[in-house]
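Biologist: Could you take me on a close look at one part of this protein, the pockets and the helices around them? I'm new to this, so plain words, please.

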Amino acid sequence: MEILKCEGIRKVYGSGDNQVVALDGIDLSVEKREFVAIIGASGSGKSTLLHILGSVDQPTEGKVMVEGVDISTMNPTQAAIFRRRKVGLVYQFYNLIPTLTVRKNILMPLLLDKKKPNQEYFEKVVNALGIADKLESLPNQLSGGQQQRTAIARSLIYRPALLLADEPTGNLDQKNSKEIVDLLKLSNRNLKQTILLITHDEKIALEADRIVTIQDGRIIRDQKRG
């Protein structure tokens with residue numbers, strides 16, 4: 001079942017002599033429950049693509065469909081609601097609210113919608129991510145790896161259509177990096193989560209089921225593994 005479809009995505013910044021083409025005709029389809037790595041050098045356009053897929057930014061041209069809904073024409077309010085409910089975003093920096101406990105940070109997307117969490121699913125997520133004993137801690141009481149686990153739990157709590165991870169291991173040491181990638185694989189397998197992982201690290205990309213390579217704003221390779 002196709003969950004994401006991009007058609008002719010272009011993103012252009014500036015105009016005239018100052019024009020920069022960040023994305024130049026991206027066509028991409030992702031099936032439900034796939035784990036896809038998008039790899040490319042710095043400046044290749046991979047993070048721009050992720051921001052467009054997550055409705056953080058809009059394409060200059062083209063269409064992005066998520067679960068059959070065109071997100072490329074949403075206004076900022078519609079995009080913010082869509083992002084909160086349908087897209088889990090994980091960044092290199094954890095973006096946790098320092099004055100809130102781990103529990104409240106994880107539940108924040110639901111609290112904003114005044115929705116009651118599914119306790120069974122909440123416990124499944126925090127146990128899978130190994131932070132069940134940290135729920136009453138504040139972010140500054142956690143290690144970097146634990147903070148990233150909390151950010152991943154927050155991104156999963158709404159059971160989003162897509163989990164988009166932008167260099168999620170970029171701020172971590174080798175041991176924690178491997179643990180975070182293993183946890184993403186676990187959420188893909190056990191929580192049936194569709195994941196797009198942005199990385200410049202080929203070793204991390206090889207953990208995915210499919211590798212999409214971007215260069216100069218274009219997809220130059222799309223390879224399924226195994």
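Modeller: Happy to! Let's begin with what sort of residues line the largest pocket: the lining splits into 13 nonpolar, three polar and three charged residues. Keep in mind that this is a predicted model. The predictor's confidence, pLDDT, averages 90 over the chain, and 100% of the residues score at least 70.

How much space lies in the largest pocket? About 410 Å³. Its lining is made of 19 residues, and the closest to the pocket's centre are Arg84, Val87, Leu89, Pro109 and Arg154. If you want to find the walls on screen, look for α2 (76-86), β6 (87-90), α3 (102-112) and α5 (144-156), since each of these supplies at least two lining residues. Strand β6 gives the largest share, with four residues.

Two of those wall elements, α3 and α5, also pack against each other. In general, a pair of packed helices is described by the angle between their axes and the distance between the axes. For α3 and α5, the angle is about 30° and the axes are 7 Å apart. Angles under 35 degrees count as roughly parallel, so α3 and α5 are roughly parallel to each other. The crossing of α3 past α5 is right-handed.

Now follow α5 to another partner, α6. Here the packing angle is about 20°, and the axes lie 10 Å apart. Therefore α5 is roughly parallel to α6 as well. Once more the crossing, α5 past α6, is right-handed. A word on confidence here: helix α6 (residues 174-190) has the lowest mean pLDDT among the elements of the chain, 84, while strand β9 (residues 210-215) has the highest, 96.

Next, hop over to the second largest pocket, which has a volume of about 290 Å³. Which residues lie nearest its centre? They are Arg159, Pro160, Leu191, Lys192 and Gln193, out of 16 that line the pocket. The elements giving two or more residues to this lining are α2 and α4 (119-128). You've met α2 already, as it also supplies at least two residues to the lining of the largest pocket.

And what classes of residue line the second largest pocket? Eight are charged, six are nonpolar and two are polar. Put that beside the largest pocket, with its 13 nonpolar, three polar and three charged residues, and you have both linings to explore on screen.

Technical notes:
Residues are numbered from 1 along each chain as its sequence is written. This is a predicted model: local features need pLDDT of at least 70, side-chain atom pairs count only at pLDDT 80 or more; totals for chains, interfaces and linings use all residues. Side-chain values use heavy atoms; hydrogens and water are left out. On a 1 Å grid over the protein atoms alone, a cavity is a set of points where a 1.4 Å probe fits but cannot get out, and a pocket is an open set with protein on both sides within 12 Å along at least five of seven lines; lining residues have an atom within 4 Å of a point. Grid points are joined across faces, edges and corners, and a volume is the space filled by probe spheres set on the points. Ala, Val, Leu, Ile, Met, Phe, Trp, Tyr, Cys and Pro count as nonpolar, Asp, Glu, Lys and Arg as charged, and the others, Gly among them, as polar. pLDDT is the predictor's confidence in each residue, from 0 to 100. Axes are lines fitted to C-alpha atoms, for helices over the stretch in contact, and angles run from 0 to 180 degrees between N-to-C directions. Angles under 35 degrees count as roughly parallel, over 145 as roughly antiparallel, 65 to 115 as roughly perpendicular and the rest as oblique. A crossing is left-handed if the near helix is turned anticlockwise from the far one by less than a right angle, and right-handed if clockwise.
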